Amino acid sequence: MFSLTRYTTPCPEPVNGQILQMVVDNLTDISSVALPPSNLLYNVYQYAIGFEVHLYLEALDGAKGIAVELVVAMDEEQLLGFCLYLPVKDDPQACGNRIHGGTGRFPAPGRGAADDAGRAGPLSPRRAGVRV
């Protein structure tokens, strides 16, 4: 049985590590340009997206001056999926930017829906005005 947890403060380091690993491992799915591993810049993009998500995870403590929230799906200690998002000020039903992903064991939010590049995938970046 899985559990959903919403974080508005920093989450445990093992969860952060699993999120970052999921993001880096699934770069082709999360990238809006569907960058394949054969691309010479693939490793650079892996580093960049991993660093970007790391900065958002660090911002959960509020010290960066932006509101960031995280929802994770866990099965015991194993990450099944996540949704990292920036809530829109004055509208608790909306978010301005979100990145989410999941394993095959748990349907990630939006799984099966086309992402920004028109593909379906386990990780998908979403941009302004997305309602959750």
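1. Val-72 lies in strand S2. The model under review is a predicted one, and in it Val-72 is buried, with a relative accessible area of 1%. Its C-alpha atom is separated by 5.4 Å from that of Thr-5, although the two residues are 67 apart along the chain. The pairing of the strands accounts for this contact in descriptive terms: Val-72, in S2, is the bridge partner of Thr-5.

2. As to the overall layout, the protein chain has three helices and six strands. Read along the sequence, these elements follow the pattern β-α-α-α-β-β-β-β-β. Of the 132 residues in the chain, 40% are buried.

3. Strand S2 merits attention as an element with two partners. With S1, strand S2 pairs in the antiparallel sense over five bridges. With S3 (residues 78-88), strand S2 (residues 69-75) is joined by seven bridges, and these two strands also run antiparallel. S2 is mostly covered, since six of its seven residues are buried.

4. The connection between S2 and S3 is a hairpin with two residues between the strands. Within this hairpin, Glu-76 takes a positive phi near 60°. On the strands themselves, Asp-75 has Gln-78 of S3 as its bridge partner, and Met-74 is partnered in S3 by Leu-79. A reader inspecting the hairpin may wish to view these two bridge pairs together with Glu-76.

5. Which residues form the salt bridge that links distant parts of the chain? The residues are Glu-69 and Arg-6, whose closest N and O atoms are 2.9 Å apart. Glu-69 belongs to strand S2 and Arg-6 to strand S1 (residues 3-7), with their positions 63 residues apart in the numbering. The two ends of this pair differ in their cover: Glu-69 is buried, with a relative accessible area of 14%, whereas Arg-6 is exposed at 53%. Arg-6 is placed in the exposed class because its value is over the 50% limit, and Glu-69 in the buried class because its value is under 20%.

6. The count of salt bridges comes to two. Besides the pair just described, the side chains of Glu-58 and Lys-64 meet in a salt bridge, at 3.6 Å from N to O. Glu-58 is partly exposed, at 35% relative accessibility, and Lys-64 is likewise partly exposed, at 49%. As a general matter, side chains of opposite charge can pair when their charged atoms come close.

7. The count of aromatic pairs comes to one. Tyr-47 and Phe-51 form this pair, and it is stacked, with 6.1 Å from centre to centre and 10° between the planes. The pair is called stacked because its planes are under 30 degrees apart. Both residues lie in helix H3, four residues apart, which is about one turn of the helix. Tyr-47 counts as exposed, at 60% relative accessibility, while Phe-51 counts as partly exposed, at 40%.

8. A nonpolar patch on the surface is formed by Leu-41, Val-44 and Tyr-45, which together have about 280 Å² of accessible area. Where does Leu-41 lie with respect to helix H2 and helix H3? Leu-41 is found in the loop between helix H2 (27-30) and helix H3 (42-58). Leu-41 is partly exposed, with a relative accessible area of 45%. This value is over 30%, so Leu-41 meets the accessibility requirement for belonging to a patch.

9. How many disulfides does the count give? The count comes to zero. Two cysteines may nevertheless be noted for their cover. Cys-11 is buried, with a relative accessible area of 7%, and Cys-83 also counts as buried, at 8% relative accessibility.

10. In summary, strand S2 recurs through several of these points. S2 holds the buried Val-72, pairs with S1 over five bridges and is joined to S3 by seven. Glu-69, also in S2, takes part in the salt bridge to Arg-6 of S1. Helix H3, for its part, carries the stacked pair of Tyr-47 and Phe-51.

Key. Residues are numbered from 1 along each chain as its sequence is written. This is a predicted model: local features need pLDDT of at least 70, side-chain atom pairs count only at pLDDT 80 or more; totals for chains, interfaces and linings use all residues. Side-chain values use heavy atoms; hydrogens and water are left out. Patches are made of residues with over 30% relative accessible area and no salt bridge: like charges are joined within 9 Å, nonpolar side chains (Val, Leu, Ile, Met, Phe, Trp, Tyr) within 5 Å. Accessible areas come from the Shrake-Rupley method with a 1.4 Å probe; for residues, only the protein chains shown count as cover. A salt bridge is a side-chain nitrogen of Lys or Arg within 4 Å of a carboxyl oxygen of Asp or Glu. Buried means under 20% relative accessible area, exposed over 50%, partly exposed in between (1.4 Å probe, protein chains only). Two strands pair if DSSP finds at least two bridges between them. Rings of Phe, Tyr and Trp (its six-membered ring) pair if their centres lie within 6.5 Å; planes under 30 degrees apart count as stacked, over 60 as edge-to-face and the rest as tilted. A disulfide is a pair of cysteine sulfur atoms within 2.5 Å.
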